[in-house]
Amino acid sequence: MPYFKNRQLAEKYHVSPKTVSNWIDQAKEGKADLELIQKGSYSYVADTPANGVVLESLAAKGKKYRNAAYFKTVSPRPEFYEIYSDRQILDIITNLSVHGEVPLQYNYLQDGAKNWEDRMARFESEGVTNSLVGTIELIQDNLATIDRFLKGKKKVNVIDLGVGNARPVKELLGHLLERGVLNRYIGIDISPTMLEVANRNIEKWYGDAVKFEGYVRDITNEQFDDLLVEDMLDEDADQTINLVLLLGGTPVNFRSFNDAFKPIFNSMHRNDVLIHTLKPDTHASRRYLDLGPKPGSISLAPNFKYILDLLNIDESLYEAELGFDAEKKMRYTRVRLKAAVEIQFDLGGSKKRTVSLEKGEAIQLYRAWHLDTSEIIAELSKARFTFLHASLTEDGQYFMTISGVENRIDADRP
Ligand SMILES: C[S@@+](CC[C@H](N)C(=O)[O-])C[C@H]1O[C@@H](n2cnc3c(N)ncnc32)[C@H](O)[C@@H]1O
């Protein structure tokens, strides 16, 4: 019969090995209803469904009677409450307690936007294909194809989802301006600071020729069709097309890769076009984990440390883990707690919440799903997009798809 090693149980239930041997002693004395397995002179807990239930309740009971000194108590810094809205704080609390993670999107607010700018400045200057130079190369190489899908329309609205600092789209905007077809440039981002950065850059590059419109939205659950109503009802509507951009691999960081596809699909009109760029799964992309402050680093990049610092979780309380999970096909950055931590959130008045995290528990700070090129196209197709075109950078390290939404034959697909 399969059985658990004591260490496995300690890890699984976030308890000490001593607690596991106490449970075994209790079972021997008939005080806990656990089936044991004898191996030589040692007893182990059998891996059975019935034992699973008893173990859960033993672990829960142990937690209930722990004294306050067991936890290292921390309270988020005052800036935390200035940066995030109550709704976002509640979302962070839920994500920490239910999923053991802080969603990456919260790393881009305020100083987090500066971290992204610094990263982009490095990306632009280094000689390898990264999200920035890969996207620029793909757009540049495919300008004639993009023009073809814009179908000679006189007005092109560019809607840039997760706009970042807008750098990847600079040349495309220049091209549309030159052709005299650029109508509106709309940037959507979770981070108001990122939108300010994009606005500043557009002004610097194009002065009054391009007016940047920035909107704070979460693209995983908010549509953008409301921003286009005037254009789509205007008398020039049949000469207007919306070019939607999802650049730099933003969806690979979401809990599910396809989280944003539904609101995007539902916001697009008949002739509209979606350009999506990201790093596909390759041997090189699995090997090369550019997540630290410098390429190849194993310590936490500033943007990951930023959110932990805001939560007031000191470096001495965790160890960084960076790697690739081959089973899930996912790169990750997480921290493993060296002590049990209780985070006390105080949103004013009686609005208080506590999140308790066990010693040995991990907080996930970053994930990037790895999909190969055919999987990326399949995911877009599952979300009902019509595949129009795909392209790889010369070195095969960055990928672009162009999709539409019109698919009358499939209209009744379940
Ligand atoms: C990986 S960066 C890509 C930026 C830019 N498109 C590029 O290619 O350089 C992700 C951007 O999307 C924003 N973002 C992340 N999650 C988001 C969400 N759920 N809703 C809206 N914006 C989000 C971030 O603030 C950041 O600006």
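1. A starting point for the strands: two of them count as paired if DSSP finds at least two bridges between them. With that in hand, look at S2, residues 36–39, and S3, which pair in the antiparallel sense over four bridges. Please keep in mind while reading that this is a predicted model.

2. Staying with this pair, Leu36 has Val45 as its bridge partner in S3. S2 and S3 form a hairpin with two residues between the strands, and in this hairpin Gly40 takes a positive phi near 60 degrees.

3. S3, which spans residues 42–46, also has S1 as a partner: two bridges join it to S1 (residues 3–4), and the two strands run antiparallel. If you would like a residue to look for here, try Tyr3, whose bridge partner in S3 is Ala46. So that you can place S3 at a glance, it pairs with S2 and with S1.

4. Now step back to the whole chain. It has 15 helices and 16 strands. Its C-alpha atoms fill a box of roughly 85 × 45 × 45 Å, taken along the principal axes. Of the 414 residues, 34% are buried.

5. The contacts give another view of the chain. Taking those between residues at least 6 apart in sequence, 70% join residues at least 24 apart.

6. Helix H9 is a good one to look at up close. Within its residues 170–178, Leu172, Leu173 and Leu176 are buried. They lie on the same side of H9, because they cover an arc of only 100 degrees around the axis. As background, an α-helix has 3.6 residues a turn, so residues three or four places apart point the same way.

7. What do the buried residues of H9 pack against? Their neighbours are two helices, H7 (131–141) and H10 (192–206), together with two strands, S5 (155–161) and S6 (182–189). Just after H9 you will find Gly180, which takes a positive phi of about 75 degrees.

8. Finally, the ligand. There are 21 residues around it, and those that come nearest are Gln105, Tyr108, Gly162, Gly164 and Gly248. By type, the shell divides into eight nonpolar, 10 polar and three charged residues.

9. Which element gives the largest share of the shell around the ligand? That is H7, with three residues. You have met H7 already, as one of the elements that the buried residues of H9 pack against.

Conventions:
Residues are numbered from 1 along each chain as its sequence is written. This is a predicted model: local features need pLDDT of at least 70, side-chain atom pairs count only at pLDDT 80 or more; totals for chains, interfaces and linings use all residues. A residue is buried if 20 or more other C-beta atoms lie within 10 Å of its own, exposed if 12 or fewer, and partly exposed in between; C-beta atoms are placed from the backbone. The arc is that of the directions from the helix axis to the C-beta atoms. Two residues are in contact if their C-beta atoms, placed from the backbone, lie within 7 Å. A residue is near a molecule or strand if its C-beta atom, placed from the backbone, lies within 6 Å of it. Ala, Val, Leu, Ile, Met, Phe, Trp, Tyr, Cys and Pro count as nonpolar, Asp, Glu, Lys and Arg as charged, and the others, Gly among them, as polar.
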